[in-house]
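I opened this model to look up a few things. My notes follow in the order I took them.

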Amino acid sequence: MANYTIEVRSKKEMPDISGLETARGIEDIGIACLESVSVAWLYRFGGDVCPSMLREIAEQVLIDPVIQEYEIYPDSPCKDGFWTVEVWFRKGVTDTVAATAAEAARDMGIGASFSVSTGRKYYLSGQIGAGDVDSIARKVLANELIHDFTISDFTGQIKK
Amino acid sequence: MKGYASRVKIVGASDRELCEISRKNLLSLDLAEMKEIRKYFEALGRQPTDCEIETIAQTWSEHCYHKTFKAEIEYTEVEGGREKKEKLVLIREIMNVTQRLGAERCVSVFKDNAGIVRFDRDNGMAFKVETHNHPSALEPYGGAGTGTGGVIRDILGVGRGAFPILNTDVFCFGMPGVSHSELPAGVLHPGRIYKGVVSGVRDYGNRMGIPTGNGAIIFDRGYQNNPLVFCGTLGIIPLSMADKIVCGDDLIVVAGGRTGRDGIHGATFSSVKLAKDIPTSVVQIGNPIVEKKLMDVIIRARDLNLYNAITDCGAGGLSSAVGEMGEKTGAEVRLDDVPLKDSSLTPWEIWISESQERMVLSVPSGKVESLLALFASEDVEAAVIGRFRKTGSLDLYFKDEKVCSLGMKFLHGGIPRKNLKARFEIREEKEAPSAGRAKADLSGDALGLLADPNISSKEAVITQYDHEVQSRTVLKPLVGMEKKAPSDAVVMRPVYDDYRGVAVSCGINPFYGMKDPYLMAGCCIEEALRNAVSSGAVPGEVSILDNFCWGDVNDLNLLGSLARCVKGCRDYALAYRLPFISGKDSLNNFFHGAVEEKPVSIPGTLLISAVGIVRDVRKICSTELKRKGSLLYLCGMTFKEMGGSAYYRLLGRDDGRVPKPRPGETLPLMEELNSLIEDRLVISCHDCSDGGLAAALCEMSMSGEYGSEVSLDNLAEEKILPEEILFSESQGRFIVEVEKNREAEFERRMKGKPYYFLGRVSGEGRIKVLFDGRPLVDVSCCDAEKAWRSGLTW
């Protein structure tokens, strides 16, 4: 039994439309000092899964190989110079994308017993402090009624 | 008793304890209702189960039962110090309009999930508009998406099922510029709500393959804590399928999505104030792909005649759906047979969960195998969960334990009718005298109006929606060579091999309602009709729907303003000969946070949606100017009616009289206009509404970039200033374009009706308005367009 996360994001040479849209939302709350915002989609698999099986799922179901790339890891890595905010559905909230991902994986013939949940990870860089990131998370990235979120600085230290 | 259901101690409870039980369990039942429940169970000699209490709370909720609209209201109207009292039952006032008009086109009204009007010999049009306000305030994307999904299911569940062909959307938001620090705790910023709501409607409608083609957006600070989200769907249904009958021994089948712990207490929650600390479970999350598959398979099953009746699982979930279908028979349900997302659900949670994308069908036992096989072949989950029984009782079981046994008669007829009091004081509004010098240059004011978010282009929203899918959309939301001008209505061609069509439009103006809800009702009704007629609908073939969204109706004066609005609906719908075919109310839209001394209610808001027959979609009319040199006329009379107008709001003025609809003059004008459009004497037509003649002229002129040059001299009167002619929002007016060699014919046909020559389509790319030989407005089409597109750039 293991937990792995597949992180799907735009390739570097491709425009990150969600990132641009998120950046605009952040500017709207008066935080204009961000240098970059990028968004990744997270699929957390628990249960009877292994990295090779997840590579197959990622490549066949989760990514568009022309514009996206992916990474599989057991623990969320940090990135030098970036604040990260991970946003996940709260327990009990219906996660329709996860249900579809699980169904698609089973349609591929993967018979293992596993669970899926989905989230988003936001990479923020610029002259901002923990207070700004907390404000961004609450006012733009997450709706606390249905989401939980965690904030980490570039050292990986979790702030919330 | 094996213990799957728990007992609620109601028999023997004091009045205070009854109130506490209602509050603690989010039942939204008042003391009189709780006492009635206590009396019922006292007679049975036992305590109710949690499942029984929850079933009653859902069925008796304001959302499902419309208690205020069915209440006996002692209404007092005060005018000039004189009081007039009358008794009103609001729902009766509305329904009587349809009855009195006796329109032959009304096929099924006020008795099903949507209203149905005759479209042609074989088909009807089903139309419904719902609200999803509280869920959208809390989770805009999910709330608005499931609002759309819900109203689509209403159409799927009307009669034996209509096929959705159009979605509509109308939103009311707080002002976009408000700072975050001004917002109470727990309230999302209007900008965030706007983006989330638009995305939710877009994703659900687009993924379902249904075009979204008509709507409106209103911005006012009154909606900051409590936005309004109206979602509508129009469907086509064979007239032979317009009725449904639940038979006594039919099986109950639930189909579509699985049941989970989402949307618990949605129906009762919609009747309580918004505040901090709302539980996660009231939020519904939609899955349009599941609903798309469900929609397609239902239409196939309908055409194969595999079921007798169908309804959707909306507010109250299975409790409302099965409870309503079995009202005249009785029903027996095995809750452990309901397919679940989460096996830990208790029986009452399964019963009232508002998980999305579910429909309930009444299926003869001889056809159930074929139906289940058809659903399985389309990968749609369906399960038999019970049977309708001629017992007059609702009996629910969970693993052989009876968890609910309620008499249908009590469940649907036991609610005590409310007796309420309401009061409204009519303010005497006067227009300030028009003495003094008129403004010399109104170009800046005209551009300012175009940039007002309430008037400015909604392109940023409209273009996110698919309005082409299904290939039935003839007149689209944006028209003209470069798709810049806003349409007055959307025109659809429901049957592919027939040119007969329908126009769908709406009317909404809460700013009038802040001054007089009665006139607001008249103006909304007329605006919806005007929009349909200016696009080509036949005035005598239009039907309407009402949606009332009001604040705290426990407040005597707010209930009074609602009653006055209903009176306006009644009087003007009769005067314009427009039957109501369906309606919905959403009350108690107010916010009471930690720091607010009193509840903050929304402005009383009425949305009127209209559906009208277009005889031939090849003879409709759009708003953009078509030919250089053709003539422009104003049809209808202009009065000094500036109260609640966009121009006075721009100037920060709160005075003035609200426009008064004049059906006696306007209806004959509309009938003539319809015939002029069909005969192609009128080649462009746009009604004057928000921003008056000025806004309408700019919207028509800038779309083709021809521009226009008009004079107000023919409209001049002593007691009215040029800016008042330009910006008054008098009702019953249209700007029309007539080809230059046909003016004599136009004027001959218009004889006896109010019309005024304005000027010409200039071809110079400027919008010029002259008065007494001097230019009042002189702006380039380019600058007008820039201003018009600047309002929604956040």
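**Entry 1: the interface**

I began with the contacts between the two chains. In this predicted model, 20 residues of chain B are in contact with 19 residues of chain A. I then looked up the area. The size of an interface is often given as the accessible area lost when the parts come together. Chain B and chain A bury about 1,500 Å² between them. Carbon and sulfur atoms carry 49% of that area.

Next I asked how many salt bridges the rule finds across the interface of chain B and chain A. I found 1. Asp28(A) and Lys195(B) form a salt bridge, with their closest N and O atoms 3.0 Å apart. I also counted residue pairs in polar contact between the chains, both at pLDDT 80 or more, and got 6. I sorted the residues on the side of chain B that touches chain A: 8 are nonpolar, 5 polar and 7 charged.

**Entry 2: salt bridges within chain B**

I widened the search. Over all chains, the structure holds 65 salt bridges. I picked out three pairs in chain B for a closer look, starting with Lys567(B) and Glu77(B).

The closest N and O atoms of Lys567(B) and Glu77(B) are 3.3 Å apart. Lys567(B) is in helix α20 (residues 556-575) and Glu77(B) in strand β1 (residues 72-79), so this salt bridge ties together parts of chain B that are 490 residues apart in sequence. Are these two residues buried or exposed? Lys567(B) is buried, at a relative accessible area of 6%. Glu77(B) is buried too, at 11%.

I moved on to Asp379(B) and Lys293(B). Their salt bridge has its closest N and O atoms 3.2 Å apart. This pair also links distant parts of the chain, 86 residues apart. Asp379(B) sits in the loop between α14 (368-377) and β13 (382-388), and Lys293(B) in helix α11 (residues 288-303). I checked the lysine: Lys293(B) is partly exposed, with a relative accessible area of 27%.

Then I took Glu724(B) and Lys640(B). Their side chains meet in a salt bridge, 3.5 Å from N to O. Glu724(B) lies in helix α24 (residues 722-727) and Lys640(B) in the loop between β27 (631-635) and α21 (646-651), so the pair ties together parts that are 84 residues apart in sequence. I read a relative accessible area of 6% for Glu724(B), which is buried. Lys640(B) is buried as well, at 12%.

**Entry 3: chain A**

I went back to chain A for a network. Which residues are linked in a network of salt bridges? I listed Glu7(A), Arg9(A), Glu69(A), Glu71(A) and Lys121(A).

I also looked up His147(A). This residue is in strand β6 (residues 147-152) of chain A. At 17% relative accessible area, His147(A) falls under the 20% cut-off, so I noted it as buried. I set aside its neighbours within four places in sequence and listed its contacts: Val87(A), Trp88(A), Phe89(A), Arg90(A) and Ala142(A).

**Entry 4: a strand in chain B**

My last lookup was strand β10 (residues 309-312) of chain B. I found both of its faces covered. Ala309(B) and Thr311(B) are buried on one side, Ile310(B) and Asp312(B) on the other. I then looked for its partner. β10(B) pairs with strand β12 (residues 358-363) of chain B, antiparallel, over 4 bridges. For Ala309(B), I noted Ser362(B) as the bridge partner in β12(B).

Notes: Residues are numbered from 1 along each chain as its sequence is written. Chains are lettered from A and ligands numbered from 1 in the order in which they are written. This is a predicted model: local features need pLDDT of at least 70, side-chain atom pairs count only at pLDDT 80 or more; totals for chains, interfaces and linings use all residues. Side-chain values use heavy atoms; hydrogens and water are left out. Helices (H or I, at least four residues) and strands (E, at least two) are DSSP runs, numbered from the N terminus. Buried means under 20% relative accessible area, exposed over 50%, partly exposed in between (1.4 Å probe, protein chains only). Contact means heavy atoms within 4.5 Å. Two strands pair if DSSP finds at least two bridges between them. Buried area is the accessible area (1.4 Å probe) that two parts lose on being put together, summed over both. A salt bridge is a side-chain nitrogen of Lys or Arg within 4 Å of a carboxyl oxygen of Asp or Glu. A polar contact is a pair of N or O atoms within 3.5 Å; within protein, one must be able to donate a hydrogen and the other to accept it, and residues adjacent in sequence count only if both atoms are side-chain atoms. Ala, Val, Leu, Ile, Met, Phe, Trp, Tyr, Cys and Pro count as nonpolar, Asp, Glu, Lys and Arg as charged, and the others, Gly among them, as polar.
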